[in-house]
Amino acid sequence: MTAEESQTSASTPKRLPRPPAEHARSWLLVPGTKPEDFDAAANGSADAVILDIEDAVDPSHKEEAREDVASWLIGGGEAWVRVNDVTTPYWADDLRALRDLPGLQGVMLAKTEDPSQVTNTYHVLGARTRVVALVESAIGIECAPDIARAEGAFRLAFGSGDFRRDTGMAADNMAMAYPRAKLVVASRCGKLPGPIDGPTVGTSHPVLREQSQVTVTMGMTGKLCLSTDQVPIINEVISPTPTDVAWAKEFLDDFEARDRIIRDGSDLPRLGRARKILELAAAFGVTPPAR
């Protein structure tokens, strides 16, 4: 290696391993009609990459996009795939093409409204593939507790744009509080990881940061994103801060130092929070601030 190559290698930040999908923060949607973008997305900093052969693909190009996605997965690529909903003629073809592909990390099932849709998708894929149920309608939101308990359900996700179209509700935080809370509570009742919030449309990073903070405030633990430049902001906002990590470590060290004695009713909730923060910090590579 030349001195120049050595300097370049030393200055290039090492990419952290992706966190497990149950902790994934940023879920990057990539149109299935753009196979030239698949490698770049997979090599980027998104926690999860979703190749979209549903809403991002015109019906006249469904077959071509499906074949391109399958070919890329067969060729060594690894990603999730958003498949068409069960009421369309494309669902069965999507699952037939994807079943048993080595690079398939899971599927996101569009427009989920009933637990049987998740379970049927899971079994058609051989009862081995994780299913993220994308909830995008009033019916889906009201059925969220049952969907979260469905066999094969891995996480819930919020299709906020289609939900607003279905209900006529506004995009502001107050209007969206109910469906977000419903998905959070349903996920907890179904013993699933926290749900994935809908995407932020537009190019404003301050707006993205604000909406990602709403995601965290509502108890959601991931967020769909539409471009690679959104990924770092989502990852930062949804991660515990270095200060959070320092508090958690100090609390647990103190707990051990006092022989794990519970002092009052606040200790157990704080103990659970501290352990969760350190679990996420390990997954995301967050460390306490240097002293």
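**Exercise 1. In which loop does Met218 lie?** Determine also its exposure class and its contacts.

*Solution.* In this predicted model, Met218 belongs to the loop that connects helix H10 (205-217) with strand S8 (222-225).
- Step 1: the relative accessibility of Met218 is 23%, so the residue counts as partly exposed, the buried class being under 20%.
- Step 2: when residues up to four places away in sequence are not counted, Met218 touches Ala177, Arg180, Ala181 and Val184.
- Step 3: of these partners, Arg180 and Val184 are among the buried residues of helix H9.
- Step 4: Ala257 is 39 residues from Met218 in sequence, and the two C-alpha atoms are 34 Å apart.

**Exercise 2. Describe the geometry of helix H9 (residues 173-189) and what lies at its ends.**

*Solution.*
- Step 1: H9 has 17 residues. At 1.5 Å a residue, a span of 24 Å is expected, and the distance from the first C-alpha to the last is 23 Å, close to that value.
- Step 2: the helix nevertheless bends, by about 25 degrees, at Pro179.
- Step 3: at the start of H9, the backbone nitrogen of Met174 has a side-chain oxygen of Asp172 within 3.1 Å.
- Step 4: after the helix comes Lys191, with a positive phi near 60 degrees.
- Step 5: the buried residues of H9 are Ala175, Met176, Pro179, Arg180, Lys182, Leu183, Val184, Ala186 and Ser187. In interpreting such a list, one recalls that an α-helix has 3.6 residues a turn, so residues three or four places apart point the same way.

**Exercise 3. Establish the environment of Asp197 in strand S7 (residues 196-197).**

*Solution.*
- Step 1: Asp197 counts as buried because its relative accessibility is 0%.
- Step 2: its side chain is joined to that of Thr215 by a polar contact of 2.6 Å.
- Step 3: with neighbours within four places in sequence left aside, Asp197 is in contact with Phe158, Arg180, Thr215, Met220, Gly222, Lys223 and Leu224.
- Step 4: Arg180 appears in this list, and Arg180 is also touched by Met218.

**Exercise 4. Classify the ring pair of Phe38 and Trp72.**

*Solution.*
- Step 1: the model contains five aromatic pairs.
- Step 2: in the pair of Phe38 and Trp72, the ring centres are 5.5 Å apart and the planes stand at 70 degrees; the pair is therefore edge-to-face, for which the angle must be over 60 degrees.
- Step 3: Phe38 is in helix H2 (residues 38-42) and Trp72 in helix H3 (residues 62-74), so the pair ties together parts 34 residues apart in sequence.
- Step 4: Phe38 is buried at 0% relative accessibility, and Trp72 is buried with a relative accessible area of 13%.
- Step 5: Trp27, Trp80 and Phe154 form one aromatic cluster.

**Exercise 5. Identify the buried residues of helix H5 (residues 115-124) and what covers them.**

*Solution.*
- Step 1: the buried residues are Gln117, Val118, Thr119, Thr121 and Tyr122.
- Step 2: the covering elements include helices H4 (91-98) and H7 (144-148), together with strands S4 (104-109), S5 (131-135) and S6 (153-158).
- Step 3: just after H5, Gly126 has a positive phi of about 95 degrees.

**Exercise 6. Assess the confidence of the model from its pLDDT.**

*Solution.*
- Step 1: the mean pLDDT is 92, and 95% of the residues reach 70 or more.
- Step 2: over residues 3-13, however, the pLDDT is below 50, and this stretch has one contact beyond near neighbours in sequence.

Technical notes: Residues numbered from 1 in each chain as written. Predicted model: local features only at pLDDT ≥ 70, side-chain atom pairs only at ≥ 80, totals over all residues. Heavy atoms only, no water. Helix = DSSP H or I, 4+ residues; strand = E, 2+ residues; numbered from the N terminus. Expected span 1.5 Å × (residues − 1). Bend = angle between axes of the 7 residues up to and from the residue. Buried < 20%, exposed > 50% of the residue type's maximum accessible area, 1.4 Å probe, protein only. Polar contact = N/O pair within 3.5 Å; in protein donor to acceptor, adjacent residues only side chain to side chain. Contact = heavy atoms within 4.5 Å. pLDDT = per-residue confidence, 0-100. Phe/Tyr/Trp six-rings, centres within 6.5 Å; stacked < 30°, edge-to-face > 60°.
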